[in-house]
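Here are a few exercises to work through with the structure open. Try each task before you read its solution.

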Amino acid sequence: MDRTEAEIIARARQGHEEALREIIEKYEHQVAATVTGILGSGPEVDDVGQETFVRFFRSLHRFRGDSQVGTYITRIAINLSLNELKRRKRYTRFQGDELPESAADPPNQRNPESAADIKRIVGDGLGQLRPEFKTVVVLRLIDGFSTKETAEMLGLAQGTVLSRLARGQAKLKEIIAGMIEDRP
Amino acid sequence: MDKRILKLLYRSLDAPLSKREQGRLERALAESPVLRRHKDELAAMRQALADGAARSFRAGFADRTLNRLRSGPAREDRLAQLVRAYAAAFKPVAIAGLVILAVLISYNLANKDLMPQDAIFYASDLEVGQLLRLPVF
């Protein structure tokens with residue numbers, strides 16, 4: 001943690017609103033990438049993002065600065081996103097059906113020639129990965145954390161991260177190929 | 001496709017390979033157009049992941065978060081925490097004290113001949129200063 005950041009954290013601990021705002025604005029993009037990567041787009045994304053910062057601010061008295069602020073916040077974002085995934089799973093089981101897919105984005109009408117649609121297909125494919133693969137793919141390939149940082153954040157060995165990353169990418173590639181084949 | 005080469009290809013994207021492994025992978029890539037295509041697709045997919053992620057929330061995110069923070073339960077201050085900790089620590093002592101007091105009163109009430117009833121509930125009207133000057137032994 002650099003000196004400036006340490007000062008911001010100290011001010012945030014005292015409840016200075018401009019310091020809290022500074023932290024939100026600095027890490028909003030990172031948290032958005034993590035939460036959206038794991039949950040996809042949807043109304044819960046904003047809620048999980050807000051809760052991530054609220055939890056961080058409420059636990060500031062426990063934050064000793066041993067890890068980077070970004071890493072600490074991302075860890076909270078991952079935990080909350082995974083909880084949300086579990087909640088969705090329970091909801092889906094309760095409803096006995098899948099959650100409705102976005103009407104604006106029916107998968108059989110995609111045109112993978114467009115760069116935007118390729119990104120969307122990849123994003124949808126990512127949503128179908130199992131959480132343990134998805135988390136590693138998001139941290140490593142979307143958030144850009146190193147293998148070591150990813151391993152530390154998830155409490156895994158680096159070898160496990162590499163293996164999950166390889167399996168996650170292979171599975172994702174398979175899902176994407178299936179999605180492209182299925183289009184009319 | 002050779003599974004070991006494929007494994008090497010995936011690993012090469014995220015971790016350094018030894019010279020020997022690097023050589024093996026390069027040879028395999030030079031020989032196999034399928035492997036080269038796989039590598040290109042993998043690179044494109046990783047690029048799409050990196051580029052496609054939403055990197056911001058809806059406008060006004062900071063305001064919404066700060067409102068949520070304000071409306072939520074405020075964190076207990078240190079004094080409140082200290083009081084709660086002391087209360088928890090002394091609770092067993094207080095309960096034990098009350099039990100002993102109840103036993104003593106019950107015992108004295110059961111043996112009124114040893115002590116008059118008034119004395120059992122007697123509260124001294126002595127002042128603190130006078131009490132302190134009383135001989136202990």
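Keep in mind as you go that this is a predicted model.

**Exercise 1. Get to know chain B**

Work out how many helices and strands chain B has, and how much of the chain counts as buried.

*Solution.*
- Step 1: Go through the secondary structure. Chain B has seven helices and zero strands, and reading along its sequence gives α-α-α-α-α-α-α.
- Step 2: Check burial. Chain B has 137 residues, and 21% of them count as buried.
- Step 3: Look at the surface. About 10,700 Å² of chain B is exposed, with carbon and sulfur atoms supplying 61% of that area.
- Step 4: Look at contact range. Take the contacts in chain B with a separation of 6 or more: 34% of them come from residues 24 or more positions apart.

**Exercise 2. Size up the contact between the chains**

Find out how many residues each chain brings to the contact, and which three residues of chain B supply more of its buried area than any other three.

*Solution.*
- Step 1: Count residues. Chain A brings 39 residues and chain B brings 32 residues.
- Step 2: Turn to area. The two chains bury about 3,400 Å² between them, and 63% of this is on carbon and sulfur atoms. The trio to pick out is B:Leu49, B:Phe57 and B:Arg68, which supply 21% of the area that chain B buries against chain A.
- Step 3: Add up the polar side of things. There are eight salt bridges between chain B and chain A, and 12 residue pairs are in polar contact across the interface (both at pLDDT 80 or more).
- Step 4: Ask which helices of chain B take part. Helix H1 (3-14), helix H3 (33-52) and helix H4 (61-71) each supply at least two residues of the side that touches chain A. H3(B) gives the most, with 10 residues.
- Step 5: Sort that side of chain B by residue type. You should get 16 nonpolar, five polar and 11 charged residues.

**Exercise 3. A buried aspartate**

Decide whether A:Asp46 is buried or exposed, and find its salt-bridge partner in chain B.

*Solution.*
- Step 1: Place the residue. A:Asp46 is found in helix H3 (residues 43-58) of chain A.
- Step 2: Compare its accessibility with the cut-off. Buried means under 20%, and A:Asp46 has a relative accessible area of 7%, so A:Asp46 is buried.
- Step 3: List what A:Asp46 touches. Leaving out residues up to four places away in sequence, you'll find B:Phe57, B:Arg58, B:Phe61 and B:Arg64.
- Step 4: Pick the partner. The side chain of B:Arg64 meets that of A:Asp46 in a salt bridge, at 2.6 Å from N to O.

**Exercise 4. Follow B:Glu41**

Trace the salt bridges that B:Glu41 makes with A:Lys173 and B:Arg37.

*Solution.*
- Step 1: Start across the interface. The side chains of B:Glu41 and A:Lys173 meet in a salt bridge (2.7 Å, N to O). B:Glu41 lies in helix H3 of chain B, while A:Lys173 lies in helix H8 (residues 158-182) of chain A, so this pair joins two chains.
- Step 2: Now stay in chain B. B:Arg37 also forms a salt bridge with B:Glu41, with the closest N and O atoms 3.5 Å apart.
- Step 3: Check the spacing. B:Arg37 and B:Glu41 both sit in helix H3 of chain B, four residues apart, which is about one turn of the helix. In general, an α-helix has 3.6 residues a turn, so residues three or four places apart point the same way.
- Step 4: Grade the accessibility of the three. A:Lys173 is buried at 17%, B:Glu41 is partly exposed at 36%, and B:Arg37 is exposed at 52%.

**Exercise 5. Two stops in chain A**

Explain why helix H6 (residues 131-142) of chain A is largely enclosed, then find where the salt bridge of A:Lys148 and A:Glu152 lies.

*Solution.*
- Step 1: Count burial in H6(A). Of its 12 residues, 10 are buried, so the rest of the structure largely encloses this helix. Among the buried ones are A:Phe133, A:Val137 and A:Arg140.
- Step 2: Look just past the helix. There, A:Gly144 takes a positive phi of about 80°.
- Step 3: Move to helix H7 (residues 147-154) of chain A, where A:Lys148 and A:Glu152 lie four residues apart. Their closest N and O atoms are 3.6 Å apart, in a salt bridge.

How values were computed:
Residues numbered from 1 in each chain as written. Chains lettered and ligands numbered in written order. Predicted model: local features only at pLDDT ≥ 70, side-chain atom pairs only at ≥ 80, totals over all residues. Heavy atoms only, no water. Buried < 20%, exposed > 50% of the residue type's maximum accessible area, 1.4 Å probe, protein only. Contact = heavy atoms within 4.5 Å. Areas by Shrake-Rupley, 256 points an atom, 1.4 Å probe, with all protein chains shown as cover. Buried area = accessible area lost by both parts, 1.4 Å probe. Salt bridge = Lys/Arg side-chain N within 4 Å of Asp/Glu carboxyl O. Polar contact = N/O pair within 3.5 Å; in protein donor to acceptor, adjacent residues only side chain to side chain. Nonpolar A, V, L, I, M, F, W, Y, C, P; charged D, E, K, R; others polar.
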